[in-house]
Each structure stands twice: as C-alpha cells, then as structure tokens.
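Thank you all for coming; I would like to walk through one structure this morning, taking it piece by piece for those who have not seen it before. Please have a look at the sequence and the model on the screen before I begin.

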Amino acid sequence: MPRIVIQNLFNREINSKATDRKVIELIHENGIDWMHACGKKGRCTTCKIILVEGGENLSPHTPAEEKFANQGRLKPNERLSCQATLCKGELIVRVAEINKFPHLDYSK
C-alpha cells in the first residue's frame with residue numbers, strides 16, 4: 001500500500017489504497033494544504049517535494065521536471081509533486097522552505 005510521510009509536517013502520514021496517483025493528489029485528498037501556483041500543470045516549481053527516502057518508488061522524471069532540472073530550478077533530490085506518481089511503497093518527503101505556507105505550522 002503506498003504511503004507518504006511528510007517529515008516537516010510533524011511526520012504526517014498518508015496511507016492510500018490507490019496506486020499510480022500523483023503525489024499532490026494524495027496530499028490534497030488527505031486535507032493537507034500544498035502549494036501549486038500553476039494549477040498542477042508542471043509549469044512552475046511551487047509544488048516541489050524534497051525527497052528524503054523512497055524516490056525509487058516514483059515514476060520517471062517528466063519532460064517538465066527535466067526542463068526545470070536543466071535550468072537549475074530542481075535539485076537531484078527534488079521532484080514536482082504534480083508530475084511525480086507514487087507507484088508503490090513508501091515515500092518520505094519534506095516541504096521546501098521557500099514553499100511553506102504562513103498559515104501552517106511546520107516541524108524541523
């Protein structure tokens with residue numbers, strides 16, 4: 001069963017029976033506010049996730065992610081949550097500092 005743990009949101013866990021879902025869809029369906037300025041279309045990097053563990057459980061990089069990586073806007077340990085699909089297993093991520101909402105409390 002796919003599982004996401006968001007470390008700096010107090011290790012918030014998302015368990016899903018669904019496979020092959022975009023990471024941002026799983027996050028939003030579980031009532032977690034996550035930035036996505038372009039409407040989840042892969043046109044910006046505001047929905048990026050910082051990978052801690054489980055990156056191998058995600059789909060391959062999309063052309064949009066490759067473009068941002070080539071521009072230096074996505075690091076090797078970052079993915080766009082609107083583009084990356086969680087195919088299986090566990091994913092441990094962090095919210096990027098620049099993408100944190102002011103109305104949410106974050107842990108370290």
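Let me start with the interior, where the count comes to one cavity of 30 Å³ or more, and I should say at once that what we are looking at is a predicted model. As a general background to this kind of search, rolling a probe the size of a water molecule over the atoms shows where empty space is left. The largest cavity has a volume of about 40 Å³, and the residues that line it are Leu9, Asp33, Trp34, Met35, Thr46, Val95, Asn99, Phe101 and Tyr106. If we sort that lining by class, six of the residues are nonpolar, two are polar and one is charged.

From the cavity I turn to the strands, beginning with β1, which covers residues 3-6 and pairs with β2, residues 12-15, in the antiparallel sense over four bridges. Within that pair, Ile4 stands opposite Ile14 of β2. The hairpin made by β1 and β2 has five residues between the strands, and there Phe10 takes a positive phi near 60 degrees.

Strand β1 has another partner as well, namely β7, residues 90-95, with which it pairs in the parallel sense, again over four bridges. Here the bridge partner of Ile4 in β7 is Leu91, while Ile6 stands opposite Val93 in that strand.

How, then, are the strands ordered in the sheet? They form an open sheet of five strands in the order β2-β1-β7-β4-β5, and the pairing is mixed. At the edges are β2 and β5, the latter spanning residues 78-80, and each of these two pairs on one side only. Neighbouring strands of this sheet are turned against each other by 35 degrees on average, if direction is ignored.

Finally, I would like to pick out a single residue, Pro63, which lies in helix α2, residues 63-70. Is Pro63 buried or exposed? Its relative accessibility is 69%, and because the label applies to values over 50%, Pro63 counts as exposed. As for where Pro63 sits relative to Arg43, the two are 20 residues apart in sequence, and their C-alpha atoms are 11 Å apart in space.

That brings me to the end of the tour, and I am happy to go back to any part of the model on the screen.

Conventions: Residues are numbered from 1 along each chain as its sequence is written. This is a predicted model: local features need pLDDT of at least 70, side-chain atom pairs count only at pLDDT 80 or more; totals for chains, interfaces and linings use all residues. Side-chain values use heavy atoms; hydrogens and water are left out. On a 1 Å grid over the protein atoms alone, a cavity is a set of points where a 1.4 Å probe fits but cannot get out, and a pocket is an open set with protein on both sides within 12 Å along at least five of seven lines; lining residues have an atom within 4 Å of a point. Grid points are joined across faces, edges and corners, and a volume is the space filled by probe spheres set on the points. Ala, Val, Leu, Ile, Met, Phe, Trp, Tyr, Cys and Pro count as nonpolar, Asp, Glu, Lys and Arg as charged, and the others, Gly among them, as polar. Two strands pair if DSSP finds at least two bridges between them. Axes are lines fitted to C-alpha atoms, for helices over the stretch in contact, and angles run from 0 to 180 degrees between N-to-C directions. Buried means under 20% relative accessible area, exposed over 50%, partly exposed in between (1.4 Å probe, protein chains only).
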